[in-house]
Structures are given as structure tokens and as C-alpha cells.
Amino acid sequence: MFERFTKGARGVVAGAVGHSERKGADTVTDEHLLLALLDQQGTRASFALAALGITDRRESLEGAFAEARRRGGLTKADADALAGIGIDVGEIVSKVEEAHGEGAMQVGKRPRRWWSGHRGFTPAAKATLEKSLRIALGRGDRHIGDEHLLLALTARPGLVAEVLADHGATYAAVERAMFGGGLSQAS
């Protein structure tokens, strides 16, 4: 599949690995893919992110990801579902942090005992890369570009799609910004 990636899409993947390294994460996640997309300039995805105002709100995105990591990786939808059955995630996080220190429930960082230098992709990030191929094929494209990666991030349920949607970047909005509407390949 990687042979179908454009130079820009390969740059996003390499950038995601770089973000993972800088954050001290063990693996490359969807969050790292999005941050690498935000670093791109002059591409279809960067145009769409700028047109939707996402590029200017990077700090807000990163804050939303940090808050979700603090909640043990739970999305707001997860926290709302738990609240529906009487479980206050915020209260739990506060009590755990009170007892064990700030960031005690944070996901994404673990102490390393040995490091091979290779960062694997999480199952979700791998699924995003696979989804980008399906989106490209569904659009009749012979390559996988950064635009397909961005659409895949918005199409797959999870934290990144939720945070993007909260900032106005749904699949449909991103697709309109990049292609002027048309086909919907989110399934």
C-alpha cells in the first residue's frame, strides 16, 4: 500500500513518526497523523484545514487531545455515556490525581526499559492508513494523498474524528473544502 502514497502522504507518515518521538510516545497514533497533516503546506489537506479554520486552532486541538489523555484516552462521547449511568469521569480523574499525582491516568507515555528505535503504528492508526486507501479507491484515485489521510481521520470513529468535528471539520466539511462536495465515501 505504501507504494501508492504520494510524496506528501509519505511526508505525513514520516512527520507522524517524528511527532511520536518528540512526545515520547511508544507508538504512532491518529493524533500524530493529524499533527503531521497540520505541519504540511501547499497541499489539498492543508488548504482544507486552513479553509475550515483548523490550522489556526492547533493549540485548541492539542489541548483537547491532552485533556482526553488525562481522562485515560476517553472521548467526550465515552465520558458522556458513562455520565448517563452515573459515572463522573472528571471526578474519578480528580480523585486518582489527588492520590497518585497529576497525569496519573494519562495514556500514551510509558517508562521505557529497552528501545529498538522503531515505532509501530497503533491498530487505529493502521486502520486509518487502510481507510485512506479505501477512500482513494472509492474516489477513483490511483494514489493515496494527504487529502485521503485527512478524510480517513474524519471518517473513522474515535478521538481525532471527535475533536475535528468539535472544531467544524467533519468528513462532509473536509470533503467540500477539498473537492467542492460530491462523492461521500465515509463508509
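**Exercise 1. The largest nonpolar core**

Task: In this predicted model, find which residues touch the most other members of the largest nonpolar core.

Solution:
1. The core holds 40 residues. Leu33, Leu37, Leu150 and Leu164 touch the most other members.
2. Assign the core to elements. Those giving two or more residues include H1 (7-22), H2 (30-39), H7 (123-139) and H8 (146-155).
3. Take Leu37. Leaving out residues up to four places away in sequence, Leu37 touches Val12, Ala45, Leu49, Asp146, Leu149, Leu150 and Leu153.

**Exercise 2. Helix H1**

Task: Compare the span of H1 with the expected one, then list what its buried residues pack against.

Solution:
1. H1 has 16 residues. From first C-alpha to last, H1 reaches 22 Å, close to the 22 Å expected at 1.5 Å a residue.
2. Buried residues of H1 include Ala9, Val12, Val13 and Gly15.
3. The packing partners are strands E1 (27-28) and E2 (120-121), plus H2, H4, H7 and H8.
4. After H1 comes glycine 24, with a positive phi near 70 degrees.

**Exercise 3. Salt bridges**

Task: Of the 4 salt bridges in the whole structure, analyse the one of aspartate 30 and the two of arginine 58.

Solution:
1. Aspartate 30 meets arginine 156 at 3.4 Å, N to O. Aspartate 30 sits in H2 and arginine 156 in the loop between H8 and H9, 126 residues apart.
2. Aspartate 30 has 13% relative accessibility, so it counts as buried; the cut-off is under 20%.
3. Arginine 58 meets aspartate 39 at 2.8 Å, linking H4 to H2.
4. Arginine 58 also meets glutamate 62 at 3.0 Å. Both lie in H4, 4 residues apart, about one turn.
5. Asp39, Arg58 and Glu62 are thus linked in a network.

Notes: Residues numbered from 1 in each chain as written. Predicted model: local features only at pLDDT ≥ 70, side-chain atom pairs only at ≥ 80, totals over all residues. Heavy atoms only, no water. Core = buried A, V, L, I, M, F, W, Y, C linked by side-chain atoms within 4.5 Å. Buried < 20%, exposed > 50% of the residue type's maximum accessible area, 1.4 Å probe, protein only. Contact = heavy atoms within 4.5 Å. Expected span 1.5 Å × (residues − 1). Salt bridge = Lys/Arg side-chain N within 4 Å of Asp/Glu carboxyl O.
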